[in-house]
Amino acid sequence: MGATVDWLRTTTPGLLVLCGLAIAVLLIAIIKIKLEPFVALLLTGLLLALAAGLPVSQIVGTPLKAGESLLETGFGNILGHIAVIIGLGTVLGAILERSGGADVLTDKLLRVFGEKGAPVAMGILGLIFGIPVFFDIGIFVLAPLIYVAAKRGGRSLVLYAMPMLAGLSMTHAFLPPHPGPVALGGLLGVSLGWLIVMGFVCGIPGFIASGILWGTYIGKRVIVSVPEEFVPLEPDTDDEEGGIVATGVVTKAPPSVALIGAIIAIPLVLILGATFGYQLLDKDSALLQVLTFFGTPAVALLITVLVAFYLLGIRRGSTVQELSVITAESLKPVGMVLLVVGAGAFFGKVISATGIGTALADTMSAAGLPVIVLAYLISCGLRIAQGSATVAIVTTGGIVAPLVAEQNYSQMSIALIAMAIAAGSIILSHVNDGGFWIIAKYFNMTVKQTLQTWTVLETVLSVVSFAVAALLFSIV
């Protein structure tokens with residue numbers, strides 16, 4: 001027995017077996033026992049640390065001092081990085097939603113693209129509105145607009161829904177301030193500026209392939225009608241204010257498309273300015289100090305939220321109290337997201353402390369497997385097995401982080417590895433994914449139809465985006 005324990009704790013094959021067993025326990029806890037991912041990740045991390053023989057003082061600290069334990073540093077380091085960003089990003093999305101921004105964007109895009117180009121317009125709508133809004137919230141807000149477009153066009157609901165879903169999924173998986181990409185920034189030590197750039201570079205081809213090409217193809221073959229009870233009020237594009245009422249709510253003074261676009265662009269521009277200013281300017285430059293301050297993600301998002309509060313709220317008649325209510329309501333779902341990410345980071349911290357990361361690096365080198373491929377495959381496996389993209393991202397990030405730290409990768413290369421993890425986290429959405437059932441319900445599809453449309457869409461988005469990331473990684 002002692003020899004077996006020593007083999008598990010001290011040899012490369014033993015550590016890999018230990019890692020495999022830990023992941024198996026994690027999946028069983030989530031899939032079979034139905035534990036919340038937060039609880040499952042925390043429990044599995046503690047069990048792995050004990051099984052690997054780590055000292056209790058290293059795992060949880062002592063009764064007098066726990067600040068440097070794996071438990072507290074695993075949670076604290078990542079939450080200190082992401083909590084403010086995710087919170088502010090969520091508030092921004094809520095303000096944009098309540099202002100009628102989605103209605104205005106839809107109206108403008110449909111006018112520009114016309115009836116034949118309506119599916120493409122819906123895809124761009126998902127892409128733009130998906131940047132500040134969580135995936136499921138985006139579906140709830142945009143679904144009524146899809147119903148109206150499909151009813152007007154007289155074609156399958158699938159034709160209009162798939163491009164929009166591809167846009168929402170791409171931004172959710174690849175772009176800050178969404179939880180997965182932000183968590184990867186902290187776990188892998190890469191700036192959000194590089195994640196934004198590589199997110200667009202890798203995600204846009206995947207969006208075109210899955211949302212536009214696949215969406216158009218399958219939308220003509222899977223015919224789904226819009227039930228009458230799903231159709232909200234018809235858009236009124238001739239009102240004096242130029243707004244629409246697709247969601248059944250008439251806005252007295254709808255914001256302009258330019259204003260919505262400008263507000264969404266503010267944090268992206270500020271963060272990118274800091275990232276590339278650091279690369280191009282002298283490190284003692286006063287301009288760099290200014291760019292760095294305003295381009296810090298938390299500061300950039302705070303500025304954007306304050307601008308949105310004024311331009312979309314106060315200036316249009318909302319009170320501070322009303323904005324506070326919107327803020328409080330939008331933040332309610334954030335707590336569980338943060339706990340899952342924190343527990344995933346703790347799990348990764350344990351993996352690093354046990355030496356499993358080094359064992360994986362040795363095995364990978366012996367097999368000639370690039371780290372970006374390993375990252376993608378691990379993320380794919382976790383996604384397919386347990387369904388949650390966020391769990392797949394934070395768990396894979398924790399496993400891969402030690403491998404990345406051992407190499408002298410550039411920020412661009414690390415961002416591409418992050419994109420590979422993000423791509424793997426969305427592959428093959430099926431019945432263990434909550435998003436699968438939301439989409440089936442909201443777009444009137446059977447399980448078979450959802451597998452034919454949404455599941456394939458996610459897989460195409462994953463594979464194409466990873467292919468772009470792997471190609472760029474091989475070049476740089």
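## Exercises on the core, cavities and cysteines

The helix α19 gives the second largest cavity the largest share of its lining, three residues. Keep that in mind for Exercise 1. This is a predicted model, in which local features need pLDDT of at least 70, side-chain atom pairs count only at pLDDT 80 or more, and totals for chains, interfaces and linings use all residues. Residues are numbered from 1 along each chain as its sequence is written, and side-chain values use heavy atoms, with hydrogens and water left out.

**Exercise 1.** Describe the second largest cavity and its lining.

*Solution.* Start with the term: on a 1 Å grid over the protein atoms alone, a cavity is a set of points where a 1.4 Å probe fits but cannot get out, and lining residues have an atom within 4 Å of a point. Next, the volume, meaning the space filled by probe spheres set on the points, is about 40 Å³. Then list the lining: His172, Ala173, Gly180, Ala389, Thr390, Ile393, Ser425 and Ile426. Both α9 and α19 (389-406) supply at least two of its residues. Helices here are DSSP runs (H or I, at least four residues), numbered from the N terminus. Finally, sort by class: four residues are nonpolar, four polar and none charged.

**Exercise 2.** Find the volume of the largest cavity and classify its lining.

*Solution.* The volume is about 80 Å³. Of its 13 lining residues, Pro176, Pro177, Pro267, Leu268 and Leu301 are the closest to the centre. Now assign helices: α5 (70-98), α11 (192-219) and α12 (257-280) each supply at least two residues, with α12 giving the largest share, four. By class, the lining has 13 nonpolar residues and no polar or charged ones.

**Exercise 3.** Locate the residues that touch the most other members of the largest nonpolar core.

*Solution.* Such a core joins buried Ala, Val, Leu, Ile, Met, Phe, Trp, Tyr and Cys residues through side-chain atoms within 4.5 Å. Among its 150 residues, look for Leu142, Leu165, Leu188, Ile417 and Phe443. Helix α9 (residues 157-174) provides the largest share of this core, 13 residues. Now zoom in on Ile417: beyond neighbours within four places in sequence, its contacts (heavy atoms within 4.5 Å) are Leu188, Val371, Ile372, Ala375, Val400, Val404, Tyr409 and Phe473.

**Exercise 4.** Explain why Cys202 forms no bond with Cys380.

*Solution.* A disulfide needs a pair of cysteine sulfur atoms within 2.5 Å. The closest cysteine sulfur to that of Cys202 is in Cys380, 14 Å away, so a bond is ruled out by distance. Cys202 is buried (under 20% relative accessible area, 1.4 Å probe, protein chains only), at 0%. Cys380 is buried too, at 7%. A search of the whole structure finds zero disulfides.

Notes
Buried < 20%, exposed > 50% of the residue type's maximum accessible area, 1.4 Å probe, protein only. 1 Å grid on protein atoms, 1.4 Å probe; cavity = no way out; pocket = protein on both sides within 12 Å on 5 of 7 lines; lining within 4 Å. Nonpolar A, V, L, I, M, F, W, Y, C, P; charged D, E, K, R; others polar.
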